[in-house]
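User: I'm new to this one and would like to go through it piece by piece. Can you help me read it?

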Amino acid sequence: MTSRREAEAFARCLTGRPCGRERAARYAAACTRLAPEERLTPAERNILRTAVRLPWLAGPLDAACGVLQPAHPLRARMFIMAAVLEASPEGARDFLPASASRPALMVLTAAGLAKAAVKLLLGLAVFPLARGRWLTS
Amino acid sequence: MVDVLIAGSGASAVSAAWPLAEAGLRVLMLDTGERDTVYTPDVPPEDFLSLRRTDPEQHRYFLGGEFEGIPFGSVRVGAQLTPPRQHLARGSDALYPKNIEDGFQALEATSLGGLAAAWGASSTPFTDEEMDGWPIGRRELQPHYDAVTARTGICGTSGDDLAGIFGDSPGLLPPAHQDRNAREVHRLYMHRRARLHALGFLAGHPRLAFATRRFRGRGPARYLDMEFWADKDEAVWRPVYTLRELERFPNFEYREATRVLSFEESTDGVAVHAEDIREKRASTVQARHLVLAAGALGSARIAVESLRGWDTPLPLVSNPYTYYPVIVWRRAGRAVERRRHSLTQLLAYFRAPGDDEWIQAQFYSYRSLLTFKLMKESPLPHREARELLRYWMGSFMIVGVHHPDRPHEGKSVRLGPDGRLTISYRPTAGEERLRRRREQDLVRAVRLLGCIPVKRIDPGHGSSIHYAGTLPMARKPGPWQIGTAGCLYGCRHVTVADGSGFPHLPAKGLTFTLMANASRIGTLLTGRLRG
């Protein structure tokens with residue numbers, strides 16, 4: 001069963017805010033339907049567990065999975081949480097198109113890519129440890 | 001006994017039915033007739049941005065009750081169908097079983113209105129050049145293009161660079177408003193027109209079955225950007241609207257939850273065997289004439305089953321389809337407008353010098369299909385993907401590219417005695433090479449329009465959801481062919497009025513021509529039955 005803690009961790013990872021009880025329940029129902037717990041391998045389960053217990057690693061592990069295993073259940077569940085957050089009035093402001101001047105856009109893009117690169121490096125470093133349950137045992 | 005029994009309720013079926021019913025003939029239409037009763041009624045009649053900001057129930061229709069609106073796995077045919085439109089193929093796998101070879105993904109509709117219930121409304125006529133090798137030409141179709149225009153409401157213009165391809169058409173509604181992205185691309189096109197023409201690139205306003213003003217009880221479009229979810233203005237034409245008008249004729253009857261299985265001809269008519277799909281009860285209807293309009297795959301099934309042609313390979317054509325997400329550079333970071341539509345914003349045709357066939361590029365702006373679906377295509381961490389997409393998404397367009405398709409031995413459908421359709425679709429290496437080369441040349445022209453392609457996405461064979469050519473039309477038809485009036489070879493009382501008869505496909509949407517051809521066949525049949 002997908003925990004409320006997982007939903008909150010992923011919502012914070014995606015938007016910096018908690019998702020609340022209703023959206024957490026919706027997330028759990030969507031996971032049960034689309035990415036159920038029973039299909040996880042032990043290594044996948046360990047990665048997910050690490051991302052939930054050490055939420056500051058959720059972003060780096062997401063980045064590492066994006067490169068190493070794009071179909072990893074962590075990516076799948078982050079994707080589901082993004083869908084759940086986006087389809088709500090509270091989440092709309094985090095997903096609807098925003099405007100920025102050309103220079104600001106360039107700065108934002110560069111900053112975003114730099115953050116992604118740092119997350120990726122950290123994620124690649126911890127990924128083998130997280131797979132083996134070194135970080136959560 | 002009815003005069004005419006029509007199998008199907010899609011664009012071809014209602015178009016064939018119209019002249020028959022209008023002439024007073026007794027017409028019975030049999031159809032599986034699935035409808036969306038779950039989501040569409042729940043969508044408030046407001047624009048996309050307002051709904052996103054205010055409707056606490058939006059997850060019901062944006063994600064679906066079973067989360068069917070969250071696409072999982074690789075890109076697949078029909079993935080673009082939103083939850084309110086997924087009724088299109090409800091129960092289809094059980095009713096129409098298939099063996100798929102070579103990754104061809106076929107979508108057979110069970111919905112009221114057939115595949116046209118989710119049609120993108122692009123209404124482009126075929127030219128004589130594109131119908132090269134057909135036994136009929138534009139001259140035979142033109143009065144019916146006009147009749148269909150008068151019934152469905154086609155918006156567009158005859159005053160831009162696509163006029164040569166479209167030809168003139170009386171009764172066009174005013175063109176749909178272009179959004180800011182499309183206006184920017186169109187502006188650059190006009191600025192670099194001579195250079196683009198030299199490359200073989202033409203662009204202009206699309207013709208769309210879209211009621212830009214009040215038309216036969218539909219519209220006018222309020223540009224809510226919700227066309228993929230629920231068209232509360234009834235601005236985009238759907239077969240159900242023509243069916244609604246047909247039902248006003250006392251001599252017309254529509255019967256849902258019924259599918260046609262086969263037919264048997266007799267001297268004075270045809271016995272049509274059907275099945276009630278809810279009760280699983282068989283029935284037989286006597287008719288003077290049967291019109292097959294169940295789609296290229298559906299009509300082929302019925303014909304083969306009836307004439308016991310199991311395992312006979314029939315030809316199949318389907319426009320190869322690819323799409324390119326592009327960034328309209330000058331629009332990056334700019335604000336988006338509230339009022340827009342989700343259909344084709346700008347239409348282009350491309351034919352490199354020396355090439356003898358056009359390819360078609362449809363420019364859509366991406367917004368109302370939600371941001372999270374784009375996040376899946378990005379290798380970035382989800383948070384950074386979300387943050388960057390917010391600023392870049394307003395400048396995103398999708399360029400959908402259709403290629404022409406011609407039949408050969410590698411593309412076929414076969415119906416087995418077990419009722420399973422086996423689809424084999426193997427383009428030749430030469431066809432694949434030509435397709436890539438044409439796209440590479442097209443992308444060069446697209447860059448001149450200030451669009452930066454981000455990725456090439458090939459959703460696989462069959463992804464255009466354009467299927468045709470299973471019972472091709474010929475001037476002197478042989479087995480498994482139809483004549484120019486749609487008569488199935490070897491039958492006196494069976495006519496085929498859908499895309500089964502198209503010998504090959506140009507790089508265009510086929511629905512408008514399906515309707516015109518069905519109207520032509522319905523008119524010819526009316527004359528024949530009235531003696």
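User: Which hand does the crossing of helix 1 of chain B and helix 14 of chain B have?
Analyst: This is a predicted model, so everything here is read from predicted atoms. Helix 1 of chain B and helix 14 of chain B, the latter being residues 511-529, have axes 7 Å apart. Their crossing is right-handed.

User: Are helix 1 and helix 14 of chain B roughly parallel or oblique?
Analyst: The two pack at an angle of about 30°. Angles under 35 degrees count as roughly parallel. That makes helix 1 of chain B, relative to helix 14 of chain B, roughly parallel.

User: How many charged residues does the contact of helix 1 with helix 14 of chain B have?
Analyst: On the helix 1 side of chain B you'll find Ala11(B), Ser12(B), Ser15(B), Ala16(B), Pro19(B) and Leu20(B). Helix 14 of chain B brings residues including Leu514(B), Met515(B), Gly522(B) and Thr526(B). Sorted by class, the contact has eight nonpolar and seven polar residues, and the number of charged ones is no more than this: no charged residues.

User: Over in chain A, why is helix 2 oblique to helix 5?
Analyst: Helix 2 of chain A covers residues 20-34 and helix 5 of chain A covers residues 73-86, and their axes come within 10 Å. Helix 2 of chain A passes helix 5 of chain A in a right-handed crossing. The axes cross at roughly 135°. That makes helix 2 of chain A, with respect to helix 5 of chain A, oblique.

User: And how many charged residues sit in the contact of helix 2 with helix 5 of chain A?
Analyst: Helix 2 of chain A contributes residues including Arg23(A), Arg26(A) and Tyr27(A), while Arg77(A) and Ile80(A) are among those from helix 5 of chain A. By class, this contact of helix 2 with helix 5 of chain A has eight nonpolar residues, no polar ones, and charged residues numbering three.

User: What about helix 3 and helix 7 of chain A: roughly parallel or oblique?
Analyst: Helix 3 of chain A (residues 42-53) and helix 7 of chain A (residues 102-131) have axes 8 Å apart and pack at an angle of about 120°. Their crossing is right-handed. Ala43(A), Asn46(A), Ile47(A) and Thr50(A) meet Phe127(A), Ala130(A) and Arg131(A) there. Helix 3 and helix 7 of chain A are therefore oblique.

User: How big is the area buried between chain A and chain B?
Analyst: Start with who touches whom: 46 residues of chain A are in contact with 45 residues of chain B. Carbon and sulfur atoms give 64% of the buried area between these chains. The total between chain A and chain B is about 4100 Å².

User: Which residue of chain A forms a salt bridge with Glu66(B)?
Analyst: Across the interface of chain A and chain B there are four salt bridges. In the one with Glu66(B), the closest N and O atoms are 2.6 Å apart, and the partner is Arg33(A).

User: Where does Asp3(B), the salt-bridge partner of Arg26(B), sit?
Analyst: Arg26(B) and Asp3(B) meet in a salt bridge at 3.2 Å, N to O. The pair links distant parts of the chain, 23 residues apart. Arg26(B) is in the loop between helix 1 and strand 2 of chain B, and Asp3(B) is in strand 1 of chain B.

User: Which peptide bond is cis in the loop between strand 4 and helix 9 of chain B?
Analyst: Most peptide bonds are trans. That loop holds Pro220(B). With omega near 0°, the cis bond runs from Gly219(B) to Pro220(B).

Definitions and conventions
Residues numbered from 1 in each chain as written. Chains lettered and ligands numbered in written order. Predicted model: local features only at pLDDT ≥ 70, side-chain atom pairs only at ≥ 80, totals over all residues. Heavy atoms only, no water. Axes fitted to C-alpha atoms, helices over the stretch in contact; angles between N-to-C directions. Helix = DSSP H or I, 4+ residues; strand = E, 2+ residues; numbered from the N terminus. Parallel < 35°, antiparallel > 145°, perpendicular 65-115°, else oblique. Left-handed = near helix turned anticlockwise from the far one by under 90°. Contact = heavy atoms within 4.5 Å. Nonpolar A, V, L, I, M, F, W, Y, C, P; charged D, E, K, R; others polar. Buried area = accessible area lost by both parts, 1.4 Å probe. Salt bridge = Lys/Arg side-chain N within 4 Å of Asp/Glu carboxyl O.
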